[in-house]
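Hi,

Here is the structure I said I would pass on. Have a look at it first, and then read my notes underneath.

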Amino acid sequence: MVRVLKLELKGITKRFGSLVANDHIDVVVEPGQIHCLLGENGAGKSTLMNVLYGLYEPTEGEILVDDKPVTFRGPGDAMAAGIGMVHQHFMLVPVFTVAENVALGAETTKTGGFLDLDDTRRKIREISDRYGFDVDPDALIEDLPVGVQQRVEIIKALVRDAKVLILDEPTAVLTPQDTDELLDIMRQLKSHGTSIVFISHKLREVKAVSDTITVIRRGKVVGSADPGASTTELASMMVGRAVSLTLDKAPAVPQETTFEVKDLTVIAPTGQHVVDGLSFGIARGEILAIAGVQGNGQTELTEAILGLHERAHGSILLDGEELLGRSVKDILNAGVGFVPEDRSLDGLIGTFSIAENLILDRYDQAPFAKGISMSPAKVLENAKTRIEEFDVRTPSGSLAAGTLSGGNQQKVVMARELSRPLRLFIASQPTRGVDVGSIEFLHKRIVAERDHGTPVMIVSTELDEVIELADRIAVLYKGRLVGIVPAGTGRDVLGLMMAGVSPDDAQADAAGKSPAGLPAGLPVEHPADTPATNPAPAAPSVQEPSSGAVGDHHE
Amino acid sequence: MSTTATSSVEGKPQPDKNRRPAASAKPVTWKLPVTLAVLAVIAFIFFGLLGPQGTAKFGVSSGGDFFQLPAIEVPAFLSGMVLSLILLGLAGYALVLKAKQNARPPRWLPAVFTVVFVVAFLIWVVGGARTPSISLAGLIAGSVTLAVPIVFGSLSGVLCERAGVVNIAIEGQLLGGAFTAALVASVTHNPYAGLLAAAVAGALVSMVLALFAIKYVVNQIIVGVVLNVLVSGLTGFLFTTVMQADADKYNSPGRLPIIDIPVLSGIPVIGPILFKQSVVGYLMYVAVIVIWIGLFKTKWGLRVRAVGEHPQAADTLGIKVNATRFWNVTLGGAVAGIGGSFFTLVAIDSFTKEISGGRGFIALAAMILGRWNPIGAFFAALLFGFADNLQSIVTIIGTPVPSQFMAMLPYVVTVFAVAGLVGRSRPPAADGIPYIKG
C-alpha cells in the first residue's frame, strides 16, 4: 500500500555563529500535498531543508514524522524515515551510469558484496515506466541533459521509498518546457501519494502547482498564502513591502547602431564551437537581451567581447573600431562596462575593501593614482559617493566586499562599471542571487544607462528578467543565434526558441498549444488532478494575459 | 511502491528526453600523431639506416623449462629497417587521419606502435652489442621482479586517489615497509612476521597522511612530501644507530623463499613470472585482481569511487565520506608497505639507506599512466620495470650506447609515457580536494 506520511517541523532554529538562518520555523506538510516554501534567495529555505534532510543539526526545535519526534543524524536517517531530496545542484556522479548513481548508498548486493546492478536497473525501469520518465539506466550522467538528470534524482529518491520529496529550486536549471514537464511530474507524484516540499522563489510556478504556500523571510515564517493569491500579493509577502514587479520603463528610442558583432565564432579548448557564427547589432538607447538556457554560449560571447577569449574569430565593432584581438584593458578603456555573471569570482575581490573594489578598473588612473603612488583619500571619497548613489547598505567603504550581501555586492560591481563614461554596457546575470528589493534598483539603473544613450546588452537565463528589460531578445542555442525577436514575444515562444526551435515554428507551435490563451507555464491538461475542462485548477482566480512583455506580472 | 508498479498512469506521450547534448567533441590534437612521427623518424634513422649489421639472438627458454624452445635469431639491420618502416607507416596513418578526417587514431595504434618500437629498439641494442645475445625469458622475468614494488606502490596510489586523497607519500610508505620488514624479520627470525610488520608500518605512515589531510585539512601534497622526508630521515637514523651497530641482530632478515609451483613454472617465458615467485610476488597478482574487482564490481568500490568523484553526492546518500577516505588511505599504506618488504625480504636480505630509491615516485607515474585503474597501473609498472631491467642487462652485454644514457631510460620512458603517448587521462574529480561538511 502507499504509505502516506505527515511531516512537521516545530520551532526549528538554526544558527551559524551569530547568524540566525532559521528562526523558530513551524511548517506542517500534510500527506499527499504539494507544499511550497516561498522565499527570496537567502531567506533560509535551503538551510531549513538541509536540517530536515539531516545534513545540518538544528540548534533548537524538533522534527515530527507522523506526530512522533525524530532525530536525524545524517541523510541516511532522513531517507530511512521516508524523506527524499532533490538538491538544486544535482548530487550525481557525472562519470557513473544512471544505475550506479541510483544504487549508490542503497546498493543491492549478491553474496560477497558484489553489486547487483540488474536489480537497480529493474527498479529504474519500473519507476521510469510508471511516470513516463524514459530514462536509460545505462546512460552516463555526464551525457544526459539537465532535465533527465533531474529525473534521475527523483528516481533516486523514489527507489529509496521516499514519501516526502523535497525539491530545492528545481526549476533554476530548466528550460520553460522542461519546467512545465517537471510541474506535471510533481502532480503525478502527488496523485501517487507522495508529498512534495517545493522550494522556490518563482511565483508563476509556485502558483501553478502548490496546495499550500508558506512564505519565509529572513529565516522566519511570515505567513501562509493561498495559491490563488495574486503574484503581487505573494511578492510583497516574500519581500516584506509592496514591490512593483513591473518596471516603469519608457519605450526605447533606438538611435544609430554603434555596436556590432559579425560572424563571431569562439572555439573552446575542447575544439567545440561554443559560439558559432554569431551576428547581431545593438543600437544606442536600446537593450538587447541574450536569452537562453545556461551553457549555450552566453558566457563565451561576453568573454569574447571583453577580450578574455584567445580563440575568437570574426569581428566585434564598437563605433567602427575592432575590439577583437585587443587587450582587456584596452577594451575597458574603449568604454566597455562589464558586469560578469559570477560576481564573487570575476566581479569582486572579496578580501579587498569596497572602496578598492570600486576602482579596480581605474586604480592606475587619476585621480586615484599619481605616478607610482595611490591616493587612499581619493579612493575613499569616490567610495562614499558611489555607495550613496547606488544605495549600497554598508556602514563603511573600508569593509571587505566579501562581507556584503549578494544584492549589495552586485550594486558595488554595477557602481564601478557605470561610474565612467560608457560606449557599451554588458551585464551578465545582473540580478542572479539578488533580493527582490535590489533587483528593482539594479533594473532601474540598467534602463537609466540605456536612456542615457548607451547600447546595452543583458545576458540572462531568467526569462522573467529578459522579458522585463529587453527591447529586443536574441535567443542562443548551442552557440548559434536562434533568432532575434521583439520585446512582447510570448514566454511560450521564447521557451521553444530556447530549446532550439526557430522563431517561426515556435510561433506556430505556441499558437497551436495554448488554445485557451493561457501562457505555456500553466499546462492545459493534467488529468491527474482535474477534468480537462478546468485547465488551471491551482490558480483559478488568476487570469493571465496570453502574451506581452509583462508575462505573469500584473497589478 | 509495489501496488502501482504495473498501472501505467495517464500515459502521456513523452517526447524523446534522452537526446544527447551537442556532439561534445573531445579535442583531437596533433600531439599524438606528431609524437609518433618524431619517434618513427628517430627509429628509422637509428634502428634502420644506422642499424647494426650483425645478428641479434634472443634466448626464449631458460634451463629449468620442461621443454626447450630454440632461440630466435634475427638479422639486425634488415629487421630494423622493416620495423622502422612499419613505425613510419603507423605514424603516417595517424597523421593522415588527423589531417583528412580530424579523427584520433584507433586505440590499438599507440599500443602497437609502442610494442614495435620496443622490439626494434631491442634488436638494435642487442645486434650492436659485443655479445649479441640476451635471454628474453630472463629479461621479462627480471622486469616483473623489478616491477613488484612499483606495482604495490601504484596500487596504493589508486586506492587513495580513487577515494580523493592524493598520496605523494608512496615513497615513504615503501621505505617504511622495507625498514620495518628488515627489523622485525631480523628480531623474530621470521620473514613472514616481517612482511606483516611492513604492512602495518605502511599503514601507520598512511594514517599520518590521512589524519593531516582529512581531519586537519592540510594540503595533501605538502603532507605527502613532508612524510617522505620524515620517513627517510627516521629510517636513516635508525639504520645508522641501531642496525649498523648490530647488523647480525637487527639487519639480517633472511629471505622469503621462492615458491616454485611444479610443472607450471616450467612453461617457457611466462612460467617463471607467474609460478616461480616469492609470497610478495604472488600477493602482487592477487592484489591487482582483488583491488580491481573491489573497485569496479562491489558495493565498497562504488562508494569509494563516488567519494572520490563527488563527495557531496555520497554524503547526501548517507555515505561517510571522510571515514571512507581515512580507511582507504590506510589500506593503501598497508599495500605500499607490503611492496616495501620486497626490497629487504626478496630482492636482498638487508636494509640500506634509501633502499626504495625513488620507486614510490615512479609508482605515482605508473598510476597516472594506468589511468587510476589497478590493471592499467600494473601494466604501466611493468613497463617501468622493463625499462629498468633492460638498462642493467644492456650494460652487461656491452652496447655502443653509453651506460649513462641507458640509466636514464626508465625516466625517459616515464616522461614520454606520462606526458605524451597516453593522451589525456582524467583523475577522479575530487582528487586532492578535502571534503568539509556543510
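Chain B has 16 helices and 5 strands as its secondary structure. Keep in mind throughout that this is a predicted model. Of the 438 residues in chain B, 48% are buried. If you take the contacts in that chain between residues at least 6 apart in sequence, 78% of them join residues at least 24 apart. The domain assignment splits chain B in two, with domain 1 at 31-128 and domain 2 at 141-382. Their C-alpha centres lie 34 Å apart.

One helix of chain B you may want to pull up is α14, residues 359-369. How many of its residues are buried? The count is 10 of 11, so by the cut-off of 20 or more other C-beta atoms within 10 Å the helix is mostly covered. The buried ones in α14(B) include B:R359 and B:G360 at the start of the helix's numbering, and B:A366, B:M367, B:I368 and B:L369 further along. After α14(B) comes B:R371, which has a positive phi, near 55°.

B:A366 turns up again in the packing. The largest nonpolar core has 200 residues, and B:A366 is among those with the most contacts inside it, together with A:I166 and B:A381. Which element gives the most to this core? That is helix α4 of chain B (residues 136-162), which puts in 14 residues. Apart from this core lies another one, of 79 residues, with A:V293, A:L463, A:I473 and A:A510 among them. As for the neighbours of B:A366, leaving out residues up to four places away in sequence, it touches B:I150, B:S154, B:A377, B:A380, B:A381 and B:F384. Two of those, B:I150 and B:S154, have numbers that fall in the range of α4(B).

Now for chain A. The assignment gives it domain 1 (7-239), domain 2 (246-335 + 421-513) and domain 3 (339-420). Domain 2 of chain A and domain 3 of chain A have C-alpha centres 25 Å apart. Their contact takes 18 residues from domain 2 of chain A and 12 residues from domain 3 of chain A. On the domain 2 side, the elements giving two or more residues are β19 (424-428) and α15 (436-451) of chain A. The largest share of that side comes from α15(A), with 5 residues. By type, the residues on the domain 2 side divide into 10 nonpolar, 5 polar and 3 charged.

A residue in chain A that I followed up is A:I199, found in strand β8 (residues 195-200). Is A:I199 buried or exposed? It is buried, because 24 other C-beta atoms lie within 10 Å. What does A:I199 touch, not counting residues up to four places away in sequence? The list is A:L37, A:K45, A:S46, A:M49, A:L167, A:D168 and A:E169. Of these, A:S46 is 153 residues from A:I199 in sequence, yet the two are 7.8 Å apart in space, C-alpha to C-alpha.

Finally, a word on confidence. Chain A averages a pLDDT of 85, and 91% of the residues score at least 70. Over residues 514-555 of chain A, though, pLDDT stays under 50, and the model has 80 contacts beyond four places in sequence for that stretch.

Cheers

Technical notes:
Residues numbered from 1 in each chain as written. Chains lettered and ligands numbered in written order. Predicted model: local features only at pLDDT ≥ 70, side-chain atom pairs only at ≥ 80, totals over all residues. Core = buried A, V, L, I, M, F, W, Y, C linked by C-beta atoms within 7 Å. Buried ≥ 20, exposed ≤ 12 C-beta atoms within 10 Å, placed from the backbone. Helix = DSSP H or I, 4+ residues; strand = E, 2+ residues; numbered from the N terminus. Contact = placed C-beta atoms within 7 Å. Domains from an automatic or database assignment. Nonpolar A, V, L, I, M, F, W, Y, C, P; charged D, E, K, R; others polar. pLDDT = per-residue confidence, 0-100.
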